[in-house]
Structures are given as C-alpha cells and as structure tokens.
Amino acid sequence: MPVARSIPATLIALLCLLVPAPAIGDTFDGLLRQGLALHQQRLYSQAIAPLERAHRLQPLDYYANLLLGIDYLRTGQPGKALSFLETASRVRPSDATALGYSAEAHAASGRMDQALGVLQAARRRDPSPQWRAALIRLYLTRFRAAAHALRLSKVGLARSYRLQAQATRNGNYRRQRDSLLRAYALAPELEGIESELAHAEIRQQRFEAARHWLQRARARNRRDLGVIAAEVYLSAHEGDWQEAEARLQELERRSPRRTRTALAEWPDGVPLPDRLRHAAERLSDPEPATFSDIQTMFGSQQWEAVAAAVSPSEEDPDRLFQLGVALARLQQFEKAVISLERVRSETRHRGEADYWLALSYARLAEDEAEALGRNRSADPIRHAVRGEILLRLAADGAGAAEEYRSAVDSTPGDPALWAGLAAAEAMAGNWDDARESAQKAIGLDPSRVLALRTYAEVCMQERDYPAAVPALEKVLELESGDAGARFLLGTAYSQTGEHEKALVFLRAAERHGYPDERGRLQYMLGTVLRRLGRPEEARVAFRRAEGLSDSFAATSHSLAQPVAGSGQE
C-alpha cells in the first residue's frame with residue numbers, strides 16, 4: 001500500500017499560483033509549469049524531461065525537486081526519486097510532504113527500516129491525522145506481509161499460532177491455550193513455549209496442568225523469565241509468600257519491565273498480598289551494563305541491559321537481531337521494527353524476526369489508530385486496523401468483514417480495503433461476496449496479491465478451477481517463494497486434468513516448506529501420482545498424509561483435555 005498516493009491538491013493549487021502563466025520558452029517557470037501540467041495528467045514519464053531541465057536551472061527549488069521525486073517514483077525508479085525528495089525535504093524541513101514520498105521510495109527499494117524512520121519523523125513533525133494515517137497504512141502493510149510469511153513453513157505456522165495467543169487481549173485464555181498447544185504440536189522446540197503454556201493454564205486456574213508445563217520449561221531453560229514469573233504465581237497460589245517474594249526479586253534483578261508486567265497481569269484466582277502488590281513502587285531501571293557479553297545478557301533475558309548495550313546503528317546481524325527482540329520484549333515497538341527490518345534479510349533470523357515484526361506492527365497500528373481520537377475522517381482507518389487484527393490474529397471472519405465493510409463504505413477506491421474485505425468474507429464462508437470484493441480489489445490494483453489469492457481460493461471452492469489458474473500464476477509472478485500458491489496451483493491443475501503440471505507445482509510446494517499440517521499436500525500428491533501410473537510413490541504419499549491427519553486430529557482432541565495426570569483444582 002503506498003505511503004502517499006499523489007501530490008496534495010492544495011499544494012498543486014499553490015504551485016499554480018506561484019508559477020506565472022503563460023509558460024514561455026525554456027524559462028524555469030515555463031518548464032516547471034509544463035512539467036506540472038503533465039504530472040496532473042499522470043503522464044509522469046513525459047513530465048520528467050521538462051522538470052529535469054527546470055532543475056538544472058534551479059537545483060534547489062522545492063517544487064522542481066518534489067515533482068521530479070514523485071514522477072521518478074511513479075515510473076518505477078525509486079533510487080532516482082530519493083535524491084530529489086531528500087533535497088526537497090532539506091529545502092523545506094518543516095514540510096512533511098517530501099518525507100512521505102521519501103518513505104514510499106525507501107519502501108519501494110526494499111529499505112523498510114529507512115521508510116519507517118522517515119515516516120515516523122514526518123509524524124513527529126506533523127502529528128496530524130494525515131501522517132498518522134500514512135504510518136498506519138505502512139504498519140498494516142508490513143503486518144500483513146510478516147503474518148503471511150509466517151504461514152509459509154511448518155515452524156512459521158507454529159509461530160503464527162503463538163502470535164494469535166500473544167495478541168489476544170480480551171481475556172479469552174482458553175483460546176490462548178488452544179493456540180499455544182497448536183504451536184507446540186507443530187514445533188515443540190520453540191523457545192519459551194512451555195512457560196507460555198504454564199501461564200495460559202494458570203489463567204484458567206488449572207494449576208496442576210501449569211506445574212506440568214512449568215517442569216518442562218524449567219528443564220529446557222531455567223533462565224526463562226516466563227518460568228520465574230510462573231513460579232511467583234504458583235508460590236502465591238500455595239501461600240508460600242517467602243518463595244513468591246524471592247522469585248519476584250530475582251525477576252526484578254533481571255528485568256524491571258517484565259516484573260511490572262507480571263504484577264499488572266496478576267491472574268485471577270491467585271491471592272496478591274500488599275507486600276507483593278507494592279513491589280512495583282520500588283522498581284527502577286537497571287544500571288548500564290558494565291560488561292560486553294551481550295549474548296549472556298540476551299540468553300538470561302536481561303532485556304533492558306541488551307537494549308542499553310547495543311547501538312541502533314549496529315551492523316552485526318546477530319547483535320541487531322538481539323536488540324530488536326529486546327526492544328519488542330520491552331514493548332518499544334517503534335524502535336523494534338526498525339532493527340528487525342534491517343536484519344530480516346538474514347536467513348537464520350527471518351522466521352523469528354517475522355514473528356516479532358508481526359506482533360510489533362499489530363500493536364503499533366492499534367496504538368496509532370487510537371491516537372487518532374474521534375476524528376471522523378479517521379474512521380475508515382480504525383475500521384481497517386480492527387478488521388486486519390480480527391482477520392489475521394483472531395481468525396474472526398465475520399467480525400473482520402463487518403469492520404472492512406464500514407471501511408469500504410467510506411473509502412470505496414482503496415484496493416487494500418476491498419482485498420481485506422474479500423479475505424474476511426472468504427474466512428466467514430461468504431463465497432459470492434468474497435469473489436465480488438476480490439474482483440473489485442483486482443480492478444483497482446491488478447497486482448494486489450491478497451485479492452488475487454482470495455479470488456483463486458473462492459474459485460476453487462466453487463470448483464471453477466480454470467478461473468483460479470491465471471490468478472495463482474500472477475501471485476507466483478509477484479511472490480515467487482509462495483509455497484501456498486504453488487500448492488493451490490498444483491491442486492487446480494490436477495482438477496483440470498493437467499497432472500504433469502500439477503506434480504511440478506506440488507513438488508515445488510513441498511520443497512518450499514508448505515506447512516502441511518493436515519496432510520492435504522501429501523494426499524493431493526498421492527492422488528496425482530496414482531493418476532500418473534506411479535502407485536508405489538502414491539502409497540508413500542498417502543501414508544504420509546494419513547500420519548499428518550492423525551497427528552492433527554490427536555492435537556485437536558487434546559485441546560479440550562487436561563494434561564495427562566494433571567486434573568483440575
């Protein structure tokens with residue numbers, strides 16, 4: 001979603017007043033007016049020549065630089081655009097317009113950390129709804145991308161379930177537990193997952209089950225702050241105040257922020273005496289670290305110490321990753337996303353970085369939307385934020401669709417809103433509405449990946465497989481690493497009788513790590529291999545499918561059951 005779509009009308013009007021008419025010859029004013037006229041007609045490539053000539057005559061003119069920057073951006077040359085936009089910003093540092101386009105140019109060049117920094121600076125200079133809205137659009141775009149990336153691998157899908165649990169704010173602790181159990185079933189190696197399950201059980205007052213998970217978590221990592229916080233709660237539940245206070249003091253030594261969180265989120269059903277309630281009053285930030293073993297600090301989850309010890313300009317990707325995680329843990333999300341975006345390209349950090357980015361962007365979008373206050377012009381943005389959170393985190397298709405309908409009613413020309421509405425309606429099972437909304441989004445923006453994918457999924461649901469194929473091919477043209485699109489395309493080709501093509505895409509989905517949680521990919525592979533006369537390979541695929549399906553069913557059954565031997569108190 002672009003940060004800024006076009007030069008503001010008020011600025012164009014002002015420019016027309018400042019540039020005298022008629023345009024005569026090759027004077028600066030004449031060239032600038034000629035370039036502006038072409039720009040207003042969206043003839044951006046043609047506007048560049050007269051504007052470049054005007055720029056050579058007056059290289060520090062604000063309008064010449066601004067228009068050139070926008071026109072290069074609109075013709076797919078963000079690198080060239082940046083130099084002009086940055087000059088315009090230096091000439092008029094109090095005007096945030098050029099900053100908004102600079103952010104878009106950085107984003108188009110893949111420099112998301114710089115795009116965020118620029119747009120955050122613009123918002124600080126001008127905290128008007130316009131810039132908050134631009135920032136929210138960027139946050140939602142990046143949230144959507146990170147949340148989608150998580151679901152492209154088995155471990156990523158586990159992190160996606162974990163994200164659902166972490167993002168739940170309405171006290172639905174049963175849902176938190178269910179999401180965490182899904183994550184654990186897919187990737188029990190995730191750091192800290194057992195202590196999070198212990199906390200989820202404590203909040204449901206299932207203390208024996210909590211002890212079960214806490215024992216596992218303690219064996220995995222005794223330094224996990226989640227383990228210590230759970231020990232505080234369980235000691236208090238058992239009336240062992242001395243032990244509860246000792247564990248709370250250990251938590252305080254490591255991370256005052258985590259201690260405040262533990263006290264603020266004290267679970268129902270656990271008594272909280274005054275001696276612990278007032279512990280937050282004595283908390284202070286830790287002294288700056290006097291040693292350089294950042295890895296030790298990170299491993300012991302001394303988040304404040306890590307944040308103080310690592311510079312935001314750090315070049316080492318491991319240190320930068322540790323800084324981003326520490327900042328996210330401290331809920332300093334605005335700083336966290338910049339560090340995490342810088343390190344996301346590092347393969348070894350990408351999966352976990354996407355998890356923290358998705359959580360951070362969700363929180364930032366919510367906070368910025370709330371800061372917009374009661375400004376009616378901001379209603380579509382608030383609806384979009386709520387819709388996106390309900391869609392991606394709560395998996396509430398009906399609720400998300402309601403929010404998105406309110407947003408598109410106010411802003412019917414925004415393809416991102418129509419794409420979100422289509423995805424929400426598909427999740428709710430409203431296939432006809434989903435197809436119509438997806439088509440509207442694609443009509444406004446033919447490269448809108450979410451809309452193309454949703455349209456293809458709806459077509460396949462309605463068994464219109466030939467219509468799904470070109471949409472999925474377009475998705476892969478835009479996002480070549482999308483394993484889910486490969487699986488869908490392989491399925492569509494299978495249903496249209498093109499089994500050789502189907503096998504190619506299904507195998508590619510398997511190689512790219514499609515998260516085959518329920519065995520659907522393996523089952524489709526078996527079906528295609530059998531139709532191609534390869535019975536032995538088909539039997540292997542069917543056995544794999546059956547094993548994955550049984551594992552998923554067993555996990556689903558366990559969601560409603562207490563942990564073995566744990567009983568509920």
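**Exercise 1. Count the helices and strands in the chain, then work out what share of the chain is buried.**

Solution. Start with the secondary structure: this predicted model has 31 helices and zero strands in the chain. Next, look at burial. The chain has 569 residues, and buried ones make up 54% of them. Finally, check how far apart in sequence the contacting residues sit. Among contacts with a separation of 6 or more, 59% are between residues 24 or more positions apart.

**Exercise 2. Find which residues touch the most other members of the largest nonpolar core, and which helix gives the most to that core.**

Solution. Begin with a bit of background: in soluble globular proteins, nonpolar side chains tend to be buried together. Now to this chain. Its largest nonpolar core holds 150 residues, and the ones touching the most other members are Leu119, Phe143, Trp266, Tyr361, Val385, Leu472 and Phe487. As for helices, H8 (residues 129-150) gives the most to this core, with twelve residues. Apart from that core lies another one, of 26 residues, including Ala47, Leu67, Ala81 and Ala88.

**Exercise 3. Describe how helix H19 packs on helix H20.**

Solution. Two packed helices are described by the angle between their axes and the distance between the axes. So grab those two values: H19 (residues 317-329) and H20 (residues 333-343) pack at about 155 degrees, and their axes are 8 Å apart. Angles over 145 degrees count as roughly antiparallel, so H19 is roughly antiparallel to H20. The crossing of H19 past H20 is left-handed.

Then see who does the touching. From H19 come Pro317, Leu320, Phe321, Leu323, Gly324, Val325, Leu327 and Ala328, and they meet Phe333, Lys335, Ala336, Ser339, Leu340, Arg342 and Val343 of H20. Sorted by class, this contact has eleven nonpolar, two polar and two charged residues.

Last step: which residues of H20 are buried, and what covers them? The buried ones are Phe333, Ala336, Val337, Ser339, Leu340, Glu341 and Val343. Their cover includes H7 (112-125), H8, H19 and H21 (347-371).

**Exercise 4. Follow Phe487 to its contacts, then describe the packing of H28 with H30.**

Solution. Set aside the neighbours within four places in sequence, and Phe487 is in contact with Leu506, Ala509, Tyr514, Arg520, Leu521 and Met524. Now zoom out to the helices. H28 (residues 483-495) packs with H30 (residues 520-531) at an angle of about 35 degrees, with the axes 11 Å apart. H28 passes H30 in a left-handed crossing. On the H28 side, the contact is made by Phe487, Thr491, Ser494 and Gln495, and on the H30 side by Arg520, Leu521, Met524, Val528 and Arg531. By class, that gives four nonpolar, three polar and two charged residues.

**Exercise 5. Decide for Ala262 and for Glu189: buried or partly exposed?**

Solution. Take Ala262, which lies in helix H15 (residues 256-264). Buried means under 20% relative accessible area; at 3%, Ala262 therefore counts as buried. Beyond four places in sequence, Ala262 is in contact with Ala229, Tyr233 and Leu251. Of these, Tyr233 is 29 residues from Ala262 in sequence, yet their C-alpha atoms are 8.8 Å apart.

Now Glu189, in the loop between H10 (173-186) and H11 (193-203). Its relative accessible area is 49%, so Glu189 is partly exposed. Not counting residues up to four places away in sequence, Glu189 touches Val155 and Arg220. Glu189 and Arg220 are 31 residues apart in sequence and 9.5 Å apart in space, C-alpha to C-alpha.

Conventions. Residues numbered from 1 in each chain as written. Predicted model: local features only at pLDDT ≥ 70, side-chain atom pairs only at ≥ 80, totals over all residues. Heavy atoms only, no water. Core = buried A, V, L, I, M, F, W, Y, C linked by side-chain atoms within 4.5 Å. Buried < 20%, exposed > 50% of the residue type's maximum accessible area, 1.4 Å probe, protein only. Helix = DSSP H or I, 4+ residues; strand = E, 2+ residues; numbered from the N terminus. Contact = heavy atoms within 4.5 Å. Axes fitted to C-alpha atoms, helices over the stretch in contact; angles between N-to-C directions. Parallel < 35°, antiparallel > 145°, perpendicular 65-115°, else oblique. Left-handed = near helix turned anticlockwise from the far one by under 90°. Nonpolar A, V, L, I, M, F, W, Y, C, P; charged D, E, K, R; others polar.
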